[in-house]
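Take a look at the model below. This report walks through its charged pairs, then the contact between its chains.

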Amino acid sequence: MSENEALWIKKAFQGDEHAFGFLIDHYQKPVYSLCYRMLGNSRDAEDAAQESFIRAYLHLKKYDPNRPFATWLLSIAAHYCIDQVRKRRLETVSIESLPSEVIEDRNIPYPEAKLRQTERDTLVQNLIMGLKPIDRAAVVLRYWHDCSEVEIANTLNLTVSAVKSRLYRSRQALAKSWLDMEKEPIPNKRRAHESPAL
Amino acid sequence: MSHQPYETFLFSNETINAQQQQQLDRHLARCEPCSSLAAALTDLDELFTNSPAPDPAPGFTQRWQVRLSADHQKRQNRNLWLLTIGLFVLAWLIIVFILTYHLQYINLAYELSQLIARVSRFTAEVRSSLSLFRSLINTLPFMIPIMLVFGSGTLLALTALTLTWFSAIIKLYSPIQKRGKPA
């Protein structure tokens with residue numbers, strides 16, 4: 001933890017909203033990224049990340065300065081997202097509430113690269129959305145936050161052996177899903193050496 | 001063909017020694033399902049590494065500050081409601097306690113007759129006051145318009161005060177955005 005960060009935390013501890021703003025500036029990307037990968041769209045990710053920071057601010061007194069602040073924040077965000085995923089399963093989703101389809105801006109530079117990135121992103125989301133909420137959180141923390149198994153265990157309040165077995169199962173499930181996806185024919189996609197007229 | 005311990009080597013993400021690596025390589029060379037899984041894992045690692053999550057939209061901290069103040073207001077309103085309901089329940093509990101405490105020492109029939117007597121005495125007093133008022137009005141007919149103006153003025157003032165009080169109560173309980181304050 002940097003000196004500045006320790007100072008911001010100390011000030012935020014004393015109720016300084018402005019100091020907590022610096023902490024948000026610093027941690028918004030990892031928290032948002034976790035929420036995005038957990039929930040699958042930017043609207044829910046924004047809402048979850050905002051709510052996580054509100055909860056962190058309101059319960060700052062519970063923060064143990066001996067633990068890394070990032071782990072504590074990610075723990076709040078991960079648990080909030082897990083709850084949201086579980087709630088979603090119980091709720092009936094109306095068509096109106098679904099996020100509207102994003103129309104690609106054709107004027108952006110390198111539209112093909114952008115399109116490839118979007119396709120990759122959709123593929124990643126389709127793969128990890130098949131995992132159970134806690135397994136998904138473990139995978140996201142492992143792959144996108146480079147967390148060790150101990151850090152994942154601390155973040156998700158699990159034992160290290162539980163994290164290991166969850167990661168094992170998740171990697172197995174992801175690999176099988178990947179193979180299944182490869183077997184499925186991709187509609188509207190021309191195969192190599194195939195006539196464009198077909 | 002048994003896929004253990006090779007599947008464990010593949011999925012556990014634990015570092016394996018050189019001998020285990022050799023065994024795994026030999027198994028992958030002759031086992032098609034395991035080699036497919038190994039290739040899939042490599043593809044997944046590559047896919048995940050090259051797919052960073054997007055950044056939040058600019059102004060995240062400002063939006064958080066807006067949300068925090070709205071949240072603070074919401075909690076304040078909720079606490080005010082809880083306090084009001086709590087006080088109301090407490091007042092009723094006190095009333096019920098006082099009534100039950102006193103009822104055991106009270107002769108209910110006697111108290112009821114006393115109450116009826118008091119009410120009838122009060123009604124008689126009101127009636128006599130009204131008749132006195134009526135006779136006063138009859139004796140002073142020129143004062144009637146003045147009294148009408150005075151009476152309706154008082155009524156209007158009382159209505160205005162009541163309306164102001166009601167609007168103040170509604171404003172107090174409504175969320176901050178509805179009041180037009182910057183959230």
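A network of salt bridges links A:Asp47, A:Glu51, A:Arg55 and B:Arg67 in this predicted model. One link in this network joins the side chains of A:Asp47 and B:Arg67, at 2.8 Å from N to O. This pair crosses between chains: A:Asp47 sits in helix α3 of chain A, and B:Arg67 sits in helix α4 of chain B. A:Asp47 has a relative accessible area of 33%, so it is partly exposed. B:Arg67 is at 24%, so it also counts as partly exposed. Side chains of opposite charge can pair when their charged atoms come close.

**Salt bridges**

Over all chains, the count is 9 salt bridges. Between chain B and chain A, the count is 4. The table gives some examples.

| Acidic residue | Basic residue | N to O distance |
|---|---|---|
| A:Glu46 | B:Arg63 | 2.6 Å |
| A:Asp47 | B:Arg67 | 2.8 Å |
| A:Asp44 | A:Arg88 | 2.6 Å |
| A:Asp121 | A:Arg37 | 2.9 Å |

Look at A:Asp121 and A:Arg37, whose side chains meet in a salt bridge. A:Asp121 lies in helix α5 (residues 111-128) of chain A and A:Arg37 in helix α2 (residues 17-39), so the pair ties together parts 84 residues apart in sequence. Both A:Asp121 and A:Arg37 are buried.

Now take the salt bridge between A:Asp44 and A:Arg88. A:Asp44 belongs to helix α3 of chain A and A:Arg88 to helix α4 (residues 69-90) of chain A, so this pair ties together parts 44 residues apart in sequence. A:Asp44 is partly exposed, at 22% relative accessibility. A:Arg88 is partly exposed too, at 30%.

**Where the chains meet**

How many residues does each chain bring to the contact? Chain B gives 33 residues and chain A gives 42. The area buried between them is about 3500 Å², and carbon and sulfur atoms give 62% of that. In chain B, B:Phe48, B:Phe60 and B:Trp64 lose the most area to chain A, together 21% of what that side buries.

Polar contacts also cross the interface: 14 residue pairs, both partners at pLDDT 80 or more. On the chain B side, α1 (6-11), α3 (32-49) and α4 (60-103) each give two or more residues. That side divides into 15 nonpolar, 9 polar and 9 charged residues.

**A serine in helix α3**

A:Ser52 lies in helix α3 (residues 42-58) of chain A. Is A:Ser52 buried or exposed? Its relative accessibility is 0%, so A:Ser52 counts as buried. The A:Ser52 side chain reaches the backbone oxygen of A:Ala48 at 2.7 Å. Leaving out residues up to four places away in sequence, A:Ser52 touches A:Val31, A:Ile76, A:Ala77 and A:Tyr80.

Note on methods
Residues numbered from 1 in each chain as written. Chains lettered and ligands numbered in written order. Predicted model: local features only at pLDDT ≥ 70, side-chain atom pairs only at ≥ 80, totals over all residues. Heavy atoms only, no water. Contact = heavy atoms within 4.5 Å. Buried area = accessible area lost by both parts, 1.4 Å probe. Polar contact = N/O pair within 3.5 Å; in protein donor to acceptor, adjacent residues only side chain to side chain. Helix = DSSP H or I, 4+ residues; strand = E, 2+ residues; numbered from the N terminus. Nonpolar A, V, L, I, M, F, W, Y, C, P; charged D, E, K, R; others polar. Buried < 20%, exposed > 50% of the residue type's maximum accessible area, 1.4 Å probe, protein only.
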